[in-house]
Amino acid sequence: MKLANNHIFVTGGSKGIGKAIVRDCAEAGAKVSFVDIDVPAGEAFAKEMRDAGFPVAFAEADVTDFQALERAYKSLVAQFGEVTGVVNNAGVNSYADPVTMTDEEWDAFFAVDMKAIWLTAKLALPAMRIAKKGAIVIIGSIHGRLTFPNFFPYGAAKSAVLGLMKSLGVDEGKHNIRTNTVAPGYVLTPLTQGWLDAEVGRTERSLSIQPMGRMGEPHEIAKVVSFLLSDDASFVNASDWAVDGGLSARSA
Ligand SMILES: NC(=O)c1ccc[n+]([C@@H]2O[C@H](COP(=O)([O-])OP(=O)(O)OC[C@H]3O[C@@H](n4cnc5c(N)ncnc54)[C@H](O)[C@@H]3O)[C@@H](O)[C@H]2O)c1
């Protein structure tokens, strides 16, 4: 029960990696709240968890809309008390062409994968500073360090996230607030499945480059996230944790 007496707030918890994080944090003893734009999936999952005896709450919010996010955040704090740990997980892929991508598309993409992380920090840091304790975990990506063709500008956002994590870690460390990123490789989620299905042979090619001969499962990311949120990681700050089965060590 390494997260007992914690309130962990997760973005994008209705599906995929975020859903596994909600489950793992609840099983580790935390009260867990999450926001998502997928309301039916979020409500159904929160109910499933509550029926199983876990204190889990869901609220609808688009992480790019600060007012909606703040409203949802406050309602979840009213339910479970101040947030002790934040997991910035909500994210989307981008397969844009640098010439045809529009201003609006660029801004909309960076609003989810980059700016929303700052917005949640803006909401969570005041109480964490008063408590002199807190943990922020950001789901980055292997694309923060290396990328592959036709994924523009996903690598730019995930690299920027590393800089944001380092700034928060360095500046907030004096308040005993730790910030770290987790960088998954290929993890089997609805997002990845859609990408794999988009081209014949992509699944086989993707598997052929995996040092461990397989892709990751969402719960394998969640276990590292819950460790970083816990006191077991009390001196881990401003660092990036690869959870990619060794893929980022493999040369083409
Ligand atoms: N799956 C992978 O292989 C992989 C690899 C590296 C990094 N990641 C990162 O992990 C995170 C989760 O990815 P996933 O594969 O679980 O994706 P997913 O699409 O399966 O789940 C993402 C969740 O976020 C929600 N979401 C999307 N936009 C939102 C918004 N504006 N506001 C609120 N919620 C929103 C979605 O509704 C969904 O429930 C993302 O940040 C992604 O970039 C995933």
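Which residue of S7 does Ala-183 stand opposite? In this predicted model, Ala-183 stands opposite Ala-242 in S7, and that pair is a convenient place from which to begin a description of the sheet.

**The sheet**

Strand S6, which covers residues 177-184, pairs with S7 in the parallel sense over four bridges. On the side of S5, six bridges join S5 to S6, and these two strands also run parallel, with Ile-138 standing opposite Thr-181 in S6. As general background, the strands of a sheet pair through backbone hydrogen bonds, either parallel or antiparallel. Here seven strands form an open sheet in the order S3-S2-S1-S4-S5-S6-S7, and the pairing is parallel. The edge strands are S3 (56-60) and S7, each of which pairs on one side only. Neighbouring strands of this sheet are turned by 20° against each other on average, when direction is ignored.

Two helices can be described by the strands that they meet. Helix H3, made of residues 66-80, packs on the sheet and touches S1, S2 and S3, its direction making about 160° with that of S3. Helix H8, for its part, lies across S1, S4 (85-88), S5, S6 and S7, and runs at about 165° to S6.

Strand S6 itself is mostly covered, since eight of its eight residues are buried. In a regular strand the side chains alternate between the two faces of the sheet. In S6, Ile-177, Thr-179, Thr-181 and Ala-183 point one way, whereas Arg-178, Asn-180, Val-182 and Pro-184 point the other way, and all of them are buried.

**Helix H1 and the ligand**

Helix H1 (residues 16-27) has 12 residues and reaches 17 Å from its first C-alpha to its last, which is close to the 16 Å expected at 1.5 Å a residue. Because 11 of its 12 residues are buried, H1 is largely enclosed by the rest of the structure; among these buried residues are Gly-16, Lys-19, Arg-23 and Asp-24. The helix is followed by Gly-29, whose phi is positive, near 100°.

H1 also takes part in the surroundings of the ligand, for H1, strand S2 (31-36) and helix H6 (190-197) each supply at least two residues of the shell around it. Of the 28 residues around the ligand, Gly-12, Gly-16, Gly-91, Thr-189 and Leu-191 come nearest. The residues of this shell divide into 13 nonpolar, 11 polar and four charged.

**Backbone details**

Most residues other than glycine have a negative phi, and most peptide bonds are trans. The following table lists two residues with a positive phi.

| Residue | Phi | Place |
|---|---|---|
| Asn-5 | about 65° | segment before strand S1 (7-11) |
| Ala-238 | near 60° | loop between helix H8 (218-229) and strand S7 (240-243) |

The surroundings of these residues can be described by their neighbours. Asn-5 has 10 C-beta neighbours inside 10 Å and therefore counts as exposed, while Ala-238 has 18 C-beta neighbours inside 10 Å and so counts as partly exposed.

A further detail of the backbone concerns a peptide bond: a cis peptide bond, with omega about -5°, joins Phe-152 and Pro-153. Pro-153 is found in the loop between strand S5 (134-139) and helix H5 (154-172).

Conventions: Residues are numbered from 1 along each chain as its sequence is written. This is a predicted model: local features need pLDDT of at least 70, side-chain atom pairs count only at pLDDT 80 or more; totals for chains, interfaces and linings use all residues. The expected span of a helix is 1.5 Å times one less than its number of residues. A residue is buried if 20 or more other C-beta atoms lie within 10 Å of its own, exposed if 12 or fewer, and partly exposed in between; C-beta atoms are placed from the backbone. A residue is near a molecule or strand if its C-beta atom, placed from the backbone, lies within 6 Å of it. Ala, Val, Leu, Ile, Met, Phe, Trp, Tyr, Cys and Pro count as nonpolar, Asp, Glu, Lys and Arg as charged, and the others, Gly among them, as polar. Two strands pair if DSSP finds at least two bridges between them. Axes are lines fitted to C-alpha atoms, for helices over the stretch in contact, and angles run from 0 to 180 degrees between N-to-C directions. Two residues are in contact if their C-beta atoms, placed from the backbone, lie within 7 Å.
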